[in-house]
Amino acid sequence: MNTLKNRDEILKKLRICSSGPEADLSSELIRTPVEDISAQYEAFRQNLVVAAGNAHRVESNNEALQKIDEILTGFNASSIALSGDEVISSLGVRAYFQGRKIVVRDLAKSIDEHRNISFTVDAGITGADYAIADTGTVVIVHNRNNPRLISLAPPAHIVILPIHKLLPDIDTVIAEINPVTGELPSAISLITGPSMTGDIALQATYGMHGPEVVEVIIVG
Amino acid sequence: MKGVALFVPCLIDQFLPEIGFAVVKVLQKLGVEFTYDQRQTCCGQPLVNAGDSAGARRVAKRFISIFEKSDYIVAPSGSCIHTVKEQYLRLLADDPKWYQRAEKVSERAYEFTQFLVQVLGVEEVGYRYEGKACYHESCSILRQLGISDEPKQLLNNVAGLEMNPLKDADICCGFGGEFAINYPYISEEIVREKVKNFQDADADILVLGEPGCLLNIRGYLTRHGMSGQVRHIAEILAGQEGVQA
Amino acid sequence: MKPQTEKFKELARENMSDGTQRAMLKLFPPLLKQLRDASFQDLGEEAAMEKGRRIREDAVRDLPYLLERFEDEVTKAGAKVVWARDGKEANDFILSLAKEKGCRICVKGKSMVSEEISLREALVESGIETYETDLGEFIIQLAERPPFHIVGPAINMTVKEVSDLFHEKIGSPETEDANELGGYARQFLRDKFQNADLGITGVNIAVAETGSIFLVENEGNIRYSTSGPKVHVALMGIEKVVATFTDAVHMLKLLTRSCMGMAITKYVSVINGPRKKGENDGPEELYIVILDNGRSRIYADEMLRSSLQCIKCGLCSGVCPIYATVGGYTYGWVYSGPIGAVLNPLLLGLDRARDLYHATTLCGACNRYCPAGVDLRGILLDLRAKEMTGNKTFGAKRPSLFHRLFIRFWSWALLSTFLYNMGSIAARVLTAPFVRGGKLLWMPGFSGWMKARDLPRFAPKTFHRLFAQMNEQR
């Protein structure tokens, strides 16, 4: 098979019937202003709860750590993995859990180590680049500090993010990411609560492949 | 009002002429002078549905020639009017002269209740009809022509008539022309569901605007010895005393 | 997937007598419709639908240019684009790629186009351990069945049936708990996710402006398939591309609502190329396989072109009275419901699937609810027209001579008032022996009607005649 030849053949067939392009290939960015941040948070929390997740609002990093502790104790977590997100790094998670029976793994150096860690820890703790109030979604832009598996493979996912990253809707988030001029990351994940399926007789099951527990802690 | 041409669908012409006379009675009550061109036969819809574009095109041209001099073409059927308004344009798209003529006819074609409400501005015909009824939204009238408020408005204003809800009123009755003949057991399931909803409704009369739906639903009721009447909306609007046929 | 579209009538009978299917069909479509309607509350349904239709119409109009731009952008990001004219070329490429890269375990996300070309079967045959990872697809892969519904491939199977299936195929304990069954599937597949070296997915939406692909899911299997294995192959039909990123986001909103009544799915992955340097997960290599498989031929036909606007949300099935009666299996191939009635014949040949576009009442509910502006109703009529003329491009066979003569006769009768009136008289005379109690018991060619319901006799006089007589009396 000659892919270039196929390409030309297929495109030629299409071009005969198409006289274009007429559309402008430029995203229309729409921003909704944030009005009442507390109302935004409440909307986020409600929507996340409907999606079988949970949200918490705390005032400081310290309170965030306490909340994490509470959550981890709640399901007897014995090991956690941290992403390299700057919010996580500045939290001081390792120091907080010093001397406790919880193993804290920092972001792995190698692909294999990262994979092993992700598939064995009880909880992955990450930041998020944005949160979306009207759907209860967190948005993670992936890069070397923010890998993918850590929010997917562990049975629990805990997210920490500052409140100024909470935006009203997906359109505003896209405007921030700015696909028009910005260079896009390798991947972006939009996560709304725990994983789910209804594929067996329409009965809802959580924790299908991804995490069963999603807790979002918003600071500020 | 002048220049109104009545088009009577072939199903009504052949099986249900009383509906045609109900339309006549209503138009006369409203003082509408209309013509009935004896040359008319059919809009050609069965040919369109059968895929005979060539045949449908010939019938379309004949229809246009007969009706294009009228200001309004009115038919007690949504599927026929849809055929005239939409299918004729598609069939004659490659023939600029005929397309123009089809466009003219398309703009002037009206389903019966649409004509009464939108053109004549009538909200109440004025005849009395006693009973409890519900309304089935025929696919061609609701979805192909976008008509829903008009028939309901007219029915709500019929003295003596109590209009009650029908579950899933907007779901197809299973007629589909050749479908009911070629896939009888599937069609039967669909009409059974419609009849069940009718039986569950607080109504003795099922009112609708489409002769095909009428034959389908009424045929199922009588075959199974079930109670309940099916009436074309024209028959309701023409009043309980009925029509001379 | 092997087509069984010729067996429509037989399958319809079979499936209509299947109690569990009927029960699920009574429950699922109305529920989905309810959820769908509710989910549109916050969006402004009319405007949002109109925008969606325009986006897809424009995208299909500009298709070759968008595909070129998409290829440019995704190649800049480090992916490789491969063009395949048909299933054989696509499968051959993917198989040889897997061999070249030494892939032994493949995890696969749900992809309708991969079913068109039987990719999974080809992988399995070539010795690669291949797992469908979407739970519904996983179940039907084990059960060796076609999908019941585009979104819920196995929802008609009872919990017991699934329990028995898992017990037999993956050795899990029997249970009456759907949650536990999900857990067994999760356990089984988790190991595969961890060790797979080839991930294959479809593409929900491709973006020309940025070279991005959008993938939606609720389970997490697609995120695994696109994060763990070192090679990711994304397979897409040529029609999947839209112009801009924000166009894609709008279609995303319509897709998740139409598909599942959700404002957003649990996971949306926006992939813009393979992993970047220094990243510890994501594929080393990303291949986008762009597949024609009969679509360019559809594109060339103006009446059929809107079928390529489809975003595979499955809502048309949810509102179709025929689907609600016969279920997904009856359509006999990859696609079911109204889009199945359109695509299966177009991709397989009209002659092989003629029942699909004849078994419709043309009620138009599909058109009404399609977020992508596919003129399903118009295309179904056009397929009938193509059959009548024996259209070779799409593999139509003309109806029988008898049928054609009958239609021809009918159409001539409608062209002459005299013939029409003569025909009216003849019909009454010929059917007179079959009239009992005001009902017509039999008429040639119409016996199907009488199977299910009564037909009244022809009215003694037509409206024509009665009206003329009435006026003569004046």
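Me: What makes V268(C) the bridge partner of L190(A), and where does V268(C) lie?

Reply: V268(C) lies in β9(C), and in this predicted model V268(C) is paired by a bridge with L190(A).

Me: How do you know that β9(A) and strand β9 of chain C pair, and in which sense?

Reply: Strands count as paired if DSSP finds at least two bridges between them. β9(A) and β9(C), residues 267-271, have five bridges, so they meet that cut-off and are called a pair. The sense of the pairing is antiparallel.

Me: What makes residues of chain A and chain C count as touching, and how many does each chain give?

Reply: Two residues are in contact if their C-beta atoms, placed from the backbone, lie within 7 Å. The contact takes 62 residues from chain A and 74 residues from chain C. On the side of chain A, α1(A) gives the largest share, ten residues.

Me: How many residues of each class are on that side of chain A?

Reply: There are 29 nonpolar, 22 polar and eleven charged residues on the side of chain A that touches chain C.

Me: Now chain B: how many residues does its contact with chain C take from each chain?

Reply: Chain B gives 52 residues and chain C gives 47 residues. The largest share of the chain B side, eight residues, belongs to α11(B). By class, that side of chain B has 27 nonpolar, 16 polar and nine charged residues.

Me: Which domains does chain C have, and what separation do their centres show?

Reply: The domain assignment gives domain 1 (40-293) and domain 2 (416-473) of chain C. Taken over C-alpha atoms, the centres of these two domains are 57 Å apart.

Key
Residues are numbered from 1 along each chain as its sequence is written. Chains are lettered from A and ligands numbered from 1 in the order in which they are written. This is a predicted model: local features need pLDDT of at least 70, side-chain atom pairs count only at pLDDT 80 or more; totals for chains, interfaces and linings use all residues. Helices (H or I, at least four residues) and strands (E, at least two) are DSSP runs, numbered from the N terminus. Ala, Val, Leu, Ile, Met, Phe, Trp, Tyr, Cys and Pro count as nonpolar, Asp, Glu, Lys and Arg as charged, and the others, Gly among them, as polar. Domain bounds come from an automatic or database domain assignment.
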